[in-house]
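Biologist: I am new to this structure and would like a short tour. Could you show it to me before I start asking?

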Amino acid sequence: MKKTIYFDMDGVLANFDKAVKQAETPQPWLSIPGFFSQLEPIGDPDQTIKALKEKGYTVYILSKVEVRDKTERAENTKQWISKFLPSIKE
């Protein structure tokens, strides 16, 4: 039986809450260029994903992209994944 795990990024793999608290503006994801690409990882998410893959899991990343910021946010999310989750392929 194929095993699949889906991870959310914000607050699970990437420290969204910390970045929001440190920002000097409300809704920083709408006003700070590259906000999502600059989030700190929580722990070592790539190591966790590698370990799950070794145990036979298929791993996917889920992240909501709102219509108002879809182009930049989607690109920022891809940049973050490339930097911190090299074991994930697009």
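Modeller: Gladly, and one term will help us: buried means under 20% relative accessible area, while exposed is over 50% and partly exposed lies in between, using a 1.4 Å probe and protein chains only. This is a predicted model, in which local features need pLDDT of at least 70, side-chain atom pairs need 80 or more, and totals for chains, interfaces and linings use all residues. Residues are numbered from 1 along each chain as its sequence is written, and side-chain values use heavy atoms, leaving out hydrogens and water.

Biologist: In which order do the elements run from the N terminus?

Modeller: Helices (H or I, at least four residues) and strands (E, at least two) are DSSP runs, numbered from the N terminus. The protein has 4 helices and 2 strands. Their order is β-α-α-α-β-α.

Biologist: Which helix gives the most residues to the largest nonpolar core?

Modeller: A nonpolar core is a set of buried Ala, Val, Leu, Ile, Met, Phe, Trp, Tyr and Cys residues joined through side-chain atoms within 4.5 Å. The largest one holds 19 residues, and Leu39, Ile61, Trp80 and Leu85 touch the most other members. Helix 1 (16–22), helix 3 (45–54), strand 2 (57–62) and helix 4 (70–84) each bring at least two residues to this core. The top giver, with 3 residues, is helix 4.

Biologist: Which residues does Leu85 contact, leaving aside neighbours within four places in sequence?

Modeller: Contact means heavy atoms within 4.5 Å. With those neighbours left aside, Leu85 touches Leu13, Pro45, Asp46, Ile49, Ile61 and Trp80.

Biologist: What is the angle between the planes of Phe16 and Phe36?

Modeller: Rings of Phe, Tyr and Trp (its six-membered ring) pair if their centres lie within 6.5 Å, with planes under 30 degrees apart counted as stacked, over 60 as edge-to-face and the rest as tilted. Phe16 sits in helix 1 and Phe36 in the loop between helix 2 (28–31) and helix 3, 20 residues apart. Their centres are 6.1 Å apart, and this stacked pair has an angle of 15°.

Biologist: Is Phe36 buried or exposed?

Modeller: Its partner Phe16 has a relative accessible area of 17%, so Phe16 is buried. Phe36 has 2% relative accessibility, so Phe36 is also buried.

Biologist: Why is the pair of Trp80 and Phe84 called tilted?

Modeller: Trp80 and Phe84 both lie in helix 4, 4 residues apart, about one turn of the helix. Their ring centres are 5.0 Å apart, and the pair is tilted because the planes meet at 45°.
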